[in-house]
Structure formats: C-alpha cells, structure tokens
Amino acid sequence: MTRMTGSPFEGTPTSPFDGTVDAMADLIARTRDRNDRIAEFAAMYGAVTRRVRALSEVGSFDDADRMAAFVDRFAARFLGAVAAVDAGQPVTRSWSVVFKAAASWRPTVLQHLTLGMTAHIGLDLGVVAAEVASVPGGSGLDGLRPDFDAINDVLGSLVPAVQAAIGRLSPAIGLLDAAGGRADALAVSRVIGVARALAWSSAVELTPLTGRERAAAIAEIDERVAIASRAIAHPGPVMSSILLPIRLMERRSVAEAVDELAKIDG
C-alpha cells in the first residue's frame, strides 16, 4: 500500500482549527483517486473535525483554544500513523490492524469505519487527553472533562448522517435500515460510546504517569485495542459468511465512498 505524503500543515490558517482541517483535506485528496481505503475513514474524520470547528466558532466549548490544541494533537496521531506507513516505519498495533484491513478488499465499509474509530478513539483519544491534561499550568483532567464530554454530543449528532451514508454505500445495510434494523447506527453508536468511555479511563490512568511508565501503560492499552480491532477485522467464520454478501453488494469506488462520507457534516 503506497501513499504520497506532503507537509500536513501547509498554508496560513485563519482559525486555530484550519491547519488540521486542511491537513485532512490534503490527505483525502491524495488518497481518494488512488482507491486507497484509508480515505474513507479520513473523509468521515474530516467531516467531524469541520463540525467541531463550526461549533467552537459559536462558543460551544469552555476553552476554544484548548479544544483547538486538542483536535490538533488528536489528528496528528492519525496523520502521523499514515506518514509512518508511507515511510515503511512501524505504527501502533491498533493502527496496524486498520492499515492491513485498508489494503484488503474484504472488509465492508462499516467494518472499515469501525476499525478506524476503534483505533483512534480507543487508543489515541486517551493518550491525547492525558497529554493535554498534563500541560503545565493547565486545568488538568477535571477542567478538560466538560469539553471532552461535549465531543460526545458532536459525535452523537452525526450518527444519523453516518448511518445514511453507509446505507447508500452498502445496499444490504440500507435495506436493513429501511426495514427498521438500523444495524449500522447501533454499531457506530456502540463503538463510539464504549471507546470514549475507555478513552477517559485511559486518560485517568496515564495522566499521573511520565516517561517509561507512561510509555509502558500506552503499550498495554494499544495491545487491548488491537485485540478488539482484530476481532472486528476477522470476526470468525459465521459472521464472515454473513458479511461477505454484504461486501459483494458494495459495488462502489473509494472515491464514491469518500464523496458520500464527506457530506455528513452538512
């Protein structure tokens, strides 16, 4: 899997979030036409970031500058993982599962998006929360908690749009939705809820640690998240036999998927 990378923060941002938004847009543009499935997760992620920027501009967060720094650090973990893979360098176990799945035809769009969310929320979010909470002179975890929780509302508000996009990209899941199954919405909501709860627990665990102790704790969290991710990517023979016809009906290009997923913040 080969991707081209450039400077992720080119240009002159006009708001604290613009560098991250532009970096994500650059990544999407450089991967969608090459049929690189990592662009699908990036498209959804970019839409979430734009929504957070819009809400910050109308005062939805306690500390807009801190939230911008948080979003910047958080996105850098994903962008850094992509850059590492492009350079042939190792990535965390959690992201390794995502990139291997992205290089494979077999995972459904729902699996792929769920894998990205599991790695990024389950591992990266807790790490970044601990980093931001540990900044000298900052408000610590207690001060961060209201804005951390506010992101839950942002993600929750986007679930219906994500569900609709997945239904358009995956006809079988779309039929389930039409029949009242809502399998994708339940899956996305559950992944987000569980992963963010675990992320906060990880932040509580990591914040008082430094140096090697923090690195060792992060490695343990990474392994736990990777185990969960491998179960999503390879759910066993019975579930795989159910998912195969769903995947066979997903006759669309990565570019088409990106275009649908990019709309979810609209």
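Begin with the whole chain in cartoon view: its secondary structure comes to 11 helices and 0 strands, where helices (H or I, at least four residues) and strands (E, at least two) are DSSP runs numbered from the N terminus. This is a predicted model, in which local features need pLDDT of at least 70 and side-chain atom pairs count only at pLDDT 80 or more, while totals for chains, interfaces and linings use all residues. Residues are numbered from 1 along each chain as its sequence is written, and side-chain values use heavy atoms, with hydrogens and water left out.

Colour next by burial: of the 266 residues of the chain, 50% count as buried, that is, under 20% relative accessible area, with exposed meaning over 50% and partly exposed in between (1.4 Å probe, protein chains only). Among contacts (heavy atoms within 4.5 Å) between residues at least 6 apart in sequence, 78% join residues at least 24 apart.

Select residues 18-32, which form helix α1. At 1.5 Å a residue, the 15 residues of α1 should span 21 Å, and the end C-alpha atoms are 21 Å apart, which agrees; the expected span is 1.5 Å times one less than the number of residues. The buried residues of this helix include D18, R30 and T31 as well as V21, M24, L27 and I28, and the elements that cover the buried residues of α1 include α2, α3 and α11 (254-261).

From M24, move to the largest nonpolar core, a nonpolar core being a set of buried Ala, Val, Leu, Ile, Met, Phe, Trp, Tyr and Cys residues joined through side-chain atoms within 4.5 Å. Of its 73 residues, M24, F41, V52, M67, F70, F78 and W95 touch the most other members, and the largest share of this core, 13 residues, comes from α6. Centre the view on F70 and, leaving aside neighbours within four places in sequence, its contacts are L125, V128, A129, V132, L144 and F148. A second, separate core of 8 residues can be picked out through V127, A130, L206 and L209, which are among its members.

Now select R66 in helix α3. R66 is buried, with a relative accessible area of 15%, and, apart from neighbours within four places in sequence, R66 is in contact with V132, S139, G143, L144 and D147.

Turn then to V98, in helix α4 (residues 93-102), which counts as buried at 0% relative accessibility. Outside its neighbours within four places in sequence, V98 is in contact with I38, H112, L115, G116 and A119. Draw a distance from V98 to A226: these residues are 128 apart along the chain, yet their C-alpha atoms are separated by 9.2 Å.

Finish inside the protein, where a search of the whole structure finds 1 cavity of 30 Å³ or more. On a 1 Å grid over the protein atoms alone, a cavity is a set of points where a 1.4 Å probe fits but cannot get out, and lining residues have an atom within 4 Å of a point. The volume is about 350 Å³, and of the 22 lining residues, those closest to the centre are Y45, V48, F74, I121 and L155. Show α2 (38-57), α3 (64-86), α5 (109-133), α6 (140-169) and α8 (183-206), each of which supplies at least two residues of the lining; α2 gives the most, with 6 residues. By class, the lining has 19 nonpolar, 2 polar and 1 charged residues, where Ala, Val, Leu, Ile, Met, Phe, Trp, Tyr, Cys and Pro count as nonpolar, Asp, Glu, Lys and Arg as charged, and the others, Gly among them, as polar.

Notes
On a 1 Å grid over the protein atoms alone, a cavity is a set of points where a 1.4 Å probe fits but cannot get out, and a pocket is an open set with protein on both sides within 12 Å along at least five of seven lines; lining residues have an atom within 4 Å of a point. Grid points are joined across faces, edges and corners, and a volume is the space filled by probe spheres set on the points.
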